[in-house]
Amino acid sequence: MRDEVRAKELAHALVSTGNSCGIRTRALLTDMNQPLGRAVGNSLEVEECINILRGEVAEGSRPVLELSLELSAHMLLLANVDQTIEDAHNRLQKALASGNALESLQRNIAAQGGEPRVCDAPSSFLPLVRESVGVKSPRSGFITNVDTTEIGHTIAAIGGGRVRIEDIVDPTVGFITDLKIGDKVSAQELIGVVYCADDAKAKEAAQRITAAYEIADDPPVERHRLVKEIINE
């Protein structure tokens, strides 16, 4: 949600509803002011998550891992599996390090008729394209703001999502970036890469995404927190 006050109101309403039905519920208000990880788009996001479970965590993907661990830890607390957030995090870290988390994904994929070998070699099974267009910074400075809604709409417009209900999603379309708010960039430095087999659409998307990044002379004053607030009631 764009408005933090309305987001809090919704979170309180959802938590209150869940608790009133006898289901222990809590909500986390999290930062959506930039792409959470490095990938935007169906296949690219799946590849990113599989790589995380494989222990291959790119720096730009680290927020995906951190938020997933935090959400999972709270679910373990709510289910009385663990009694402290520290114990829950330790359990999850062990599941990742041992490969149990990846094996669990493989079992889930197989149970739904998918190909579990995708976890061994994501790029060999996922629909991906090599055709790409770079998104370059128009000037030198610091990334101070990202219009994530515009990035989402842009990827949807070139096939990565549905603009109309009858649209067919192209899982190969997407955007990769390793830069975050606060990072310093030079003029014409790559902010990221648009992946799309249609060159004209890719170039149009690159222009829109370039405009979605605000570059200023000075770094942002406020540091973005991944988890802004935890709501229990």
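This report goes through the overall build of the chain and then zooms in on one serine.

Keep in mind that what you're looking at is a predicted model. The fold mixes both kinds of secondary structure, with 8 helices and 9 strands in the chain.

**Overall dimensions and surface**

Here are some whole-chain values at a glance.

| Property of the chain | Value |
|---|---|
| Radius of gyration | 19 Å |
| C-alpha box along the principal axes | roughly 50 × 45 × 35 Å |
| Exposed area | about 13,500 Å² |
| Distance between the centres of positive and negative side chains | 2 Å |

So how does that radius sit with a globule? For 233 residues, a compact globule would come out near 17 Å, so the chain's 19 Å agrees with that picture. Buried residues account for 37% of the 233. As for the surface, carbon and sulfur atoms supply 50% of the exposed area.

Sequence-distant pairing is a big part of the contact map: take the contacts between residues at least 6 apart in sequence, and 71% of them join residues at least 24 apart. On the charge side, there are 25 positive and 35 negative side chains.

**A look at Ser43**

Ser43 belongs to helix 2, which covers residues 42-53. Is this serine buried or exposed? Its relative accessibility is 4%, and the cut-off for buried is under 20%, so Ser43 counts as buried. Which residues does Ser43 touch, once neighbours within four places in sequence are set aside? The contacts are Leu126, Pro127, Leu128 and Pro171.

Conventions. Residues numbered from 1 in each chain as written. Predicted model: local features only at pLDDT ≥ 70, side-chain atom pairs only at ≥ 80, totals over all residues. Heavy atoms only, no water. Helix = DSSP H or I, 4+ residues; strand = E, 2+ residues; numbered from the N terminus. Rg over C-alpha atoms; globule rule 2.2 N^0.38 Å. Buried < 20%, exposed > 50% of the residue type's maximum accessible area, 1.4 Å probe, protein only. Contact = heavy atoms within 4.5 Å. Areas by Shrake-Rupley, 256 points an atom, 1.4 Å probe, with all protein chains shown as cover. Lys, Arg positive; Asp, Glu negative; His and termini not counted. Charge placed at Lys NZ, Arg CZ, Asp CG, Glu CD.
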